[in-house]
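Q: I'm new to this, so please pick one part of this model and walk me through it slowly. I'd like a close look rather than a full tour.

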Amino acid sequence: MEEKKSSRVSDIGAWAMNIFSSIGLIMANKQLMSPTGFDFAFATTLTGLHFSVTAFVGLVSNAAGYSASKHIPLWELVWFSIVANVSITGMNLSLMLNSVGFYQISKLSMIPVVCVMEWFLHGKHYSREVKMAVMVVVVGVGVCTVTDVNVNAKGFLSACVAVLSSSLQQISIGSLQKKYSVGSFELLSKTAPIQALSLLVTGPFIDYFLSGKLISNYALSPGGIFFILVSCSLAVFCNVSQYLCIGRFSAVSFQVLGHMKTVCVLTLGWILFDSEMTLKNIIGMALAVAGMVVYSWAVEAEKQTRTKFIPASKGNFSEGDMRFLTEEKEETPLIKDVELGQSKV
């Protein structure tokens with residue numbers, strides 16, 4: 001019972017870190033990149049700086065002995081980094097080429113795409129309650145975020161690439177952690193240097209294509225430097241918590257509960273920046289929150305179903321035996337959307 005309570009506290013802590021760091025990062029980037037702020041229109045290069053700081057933190061952590069370094073084949077790290085970088089570039093292109101409404105729809109489509117990819121790649125199945133909850137979340141977030149919807153061929157293609165690569169990246173995070181028995185921070189510290197190097201090399205060219213501006217012509221100010229440092233610091237917590245959440249739960253759970261950030265951002269925009277809050281927004285947010293509550297209940301119900309298949313005499317089994325039993329059950333139709341990834345963070 002004590003172990004279960006501790007695990008639940010850790011779960012809540014992981015989600016809280018992800019939500020607060022993501023919201024803080026959005027707010028800092030809004031000030032940094034807005035034309036009314038510091039007009040730093042170099043999103044891809046900024047992401048490269050984020051991963052550079054994350055890689056440095058990982059290097060220091062390994063050198064100080066706070067985290068262990070396990071072997072992961074270089075080709076898998078490079079492949080993962082390519083998928084992750086295509087995801088980042090695709091999302092930026094999609095935002096540039098599409099209307100905000102279609103961009104939001106493409107982001108919402110990631111939930112069903114992740115479900116289909118996990119079914120195709122890992123044979124994972126979902127209960128009727130989970131499917132209904134996912135639909136309620138998608139509809140709710142769609143109601144409160146989607147406005148104008150204009151589609152063109154280039155924008156549609158970039159959105160498809162962004163959604164597929166982002167979904168594959170999030171599934172791969174959990175898969176690599178399980179495959180090589182590494183913690184979330186260990187995996188992040190191995191992928192971050194590759195992503196940082198590639199994004200810092202290609203980022204200025206991608207940003208020039210997206211914005212028509214050269215980063216070499218940007219005039220840095222003390223305020224701009226401050227917000228870049230704040231953005232990079234928050235990105236470390238955001239990256240770590242993303243890997244931690246996916247490792248502890250699943251890519252689908254991360255997507256569903258991650259929309260809580262959308263609700264929080266809309267609410268904070270209304271409170272802090274005088275953004276308009278319409279009845280449509282309120283209804284959409286209420287639907288999204290209701291969907292998240294139902295989803296959490298459905299996943300918890302599936303956890304209870306799982307415990308019926310694990311022997312009550314748990315003390316007679318080693319940790320390795322229990323992991324084996326859990327992994328075996330995940331391959332049966334009764335075990336749906338729950339992953340018990342272990343993390344050393």
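A: Let's start with a bit of vocabulary: a helix here is a DSSP run of H or I at least four residues long, and helices are numbered from the N terminus. Keep in mind that this is a predicted model.

Our part is α3, which spans 74-97. Let's begin on the surface. Leu-74, Val-78, Ile-82, Val-86, Leu-157 and Val-161 make up a nonpolar patch there, and together they have about 500 Å² of accessible area. Both α3 and α7 (153-180) put at least two residues into the patch, but α3 gives the most, with four. Take Val-86, which sits in α3. Its relative accessibility is 33%, so Val-86 counts as partly exposed, since that label covers what falls between under 20% (buried) and over 50% (exposed).

Now let's go inside. The largest nonpolar core has 26 residues, and Ile-72 is among those that touch the most other members, along with Phe-51, Ile-173, Leu-187, Tyr-243 and Cys-245. Helix α3 supplies at least two residues of this core, and so do α1, α2, α7, α8 and α9. Looking beyond neighbours within four places in sequence, Ile-72 is in contact with Leu-77, Tyr-180, Val-182, Leu-187 and Lys-190.

Finally, the record. An unreviewed UniProt entry annotates several stretches as "transmembrane region", including residues 72-95. In the model, that stretch is 92% helix and 0% strand, and its end C-alpha atoms are 34 Å apart.

Definitions and conventions. Residues are numbered from 1 along each chain as its sequence is written. This is a predicted model: local features need pLDDT of at least 70, side-chain atom pairs count only at pLDDT 80 or more; totals for chains, interfaces and linings use all residues. Side-chain values use heavy atoms; hydrogens and water are left out. Patches are made of residues with over 30% relative accessible area and no salt bridge: like charges are joined within 9 Å, nonpolar side chains (Val, Leu, Ile, Met, Phe, Trp, Tyr) within 5 Å. Accessible areas come from the Shrake-Rupley method with a 1.4 Å probe; for residues, only the protein chains shown count as cover. A salt bridge is a side-chain nitrogen of Lys or Arg within 4 Å of a carboxyl oxygen of Asp or Glu. Buried means under 20% relative accessible area, exposed over 50%, partly exposed in between (1.4 Å probe, protein chains only). A nonpolar core is a set of buried Ala, Val, Leu, Ile, Met, Phe, Trp, Tyr and Cys residues joined through side-chain atoms within 4.5 Å. Contact means heavy atoms within 4.5 Å. UniProt positions are given in the numbering used here, feature names are shortened, and annotations may be inferred rather than shown by experiment.
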